[in-house]
Amino acid sequence: MTDDVRRPPEDERLAYLRTKSAALPYQPGVYIMLDERDRVIYVGKSRCLHDRVSQYFHGWHDVKTTRMASRV
């Protein structure tokens with residue numbers, strides 16, 4: 001991948017991420033957040049992947065979480 005990464009408009013990216021998170025199972029598991037260059041920026045675990053990952057792309061969060069979610 002090159003340094004010149006093209007990102008879709010914010011609403012398209014957010015819609016895509018919401019669709020992906022909605023398809024996750026309601027089961028426990030581990031999730032990995034990657035940035036635009038496929039670098040790992042966060043690893044988490046949850047009792048319900050669907051609910052936890054979906055939370056990142058809905059509602060308000062603290063500065064750290066908002067910044068991380070914007071880089072996914």
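These legends go with a few close-up views of the predicted model.

**View 1. The whole chain, with three helices and two strands.** Walking along from the N terminus, you meet the elements in the order α-β-β-α-α. The protein has 72 residues, and 26% of them count as buried. Its accessible surface adds up to about 5,600 Å², with carbon and sulfur atoms holding 55% of that. As for contacts between residues at least 6 apart in sequence, 49% link residues at least 24 apart.

**View 2. The hairpin of β1 and β2.** Here β1 (residues 29-34) runs antiparallel to β2 (residues 40-46), and six bridges pair them up. One pair to look for is Ile32 with its bridge partner in β2, Val43. Side chains in a regular strand alternate between the two faces of the sheet. Five residues sit between the strands of this hairpin, and Asp38 is the one to zoom in on if you care about backbone angles, with a positive phi near 60°.

**View 3. The second largest pocket, with about 220 Å³ of space.** Its lining takes in 14 residues, and those closest to the centre are Leu14, Tyr56, Gly59, Thr66 and Ala69. Helices α1 (10-22) and α3 (63-71) each put at least two residues into this lining. What sort of residues make up the lining of the second largest pocket: nonpolar, polar or charged? It's a mix, with five nonpolar, six polar and three charged residues.

Technical notes:
Residues numbered from 1 in each chain as written. Predicted model: local features only at pLDDT ≥ 70, side-chain atom pairs only at ≥ 80, totals over all residues. Heavy atoms only, no water. Pairing = 2+ DSSP bridges. Helix = DSSP H or I, 4+ residues; strand = E, 2+ residues; numbered from the N terminus. Buried < 20%, exposed > 50% of the residue type's maximum accessible area, 1.4 Å probe, protein only. Contact = heavy atoms within 4.5 Å. Areas by Shrake-Rupley, 256 points an atom, 1.4 Å probe, with all protein chains shown as cover. 1 Å grid on protein atoms, 1.4 Å probe; cavity = no way out; pocket = protein on both sides within 12 Å on 5 of 7 lines; lining within 4 Å. Points joined across faces, edges and corners; volume = space filled by probe spheres on them. Nonpolar A, V, L, I, M, F, W, Y, C, P; charged D, E, K, R; others polar.
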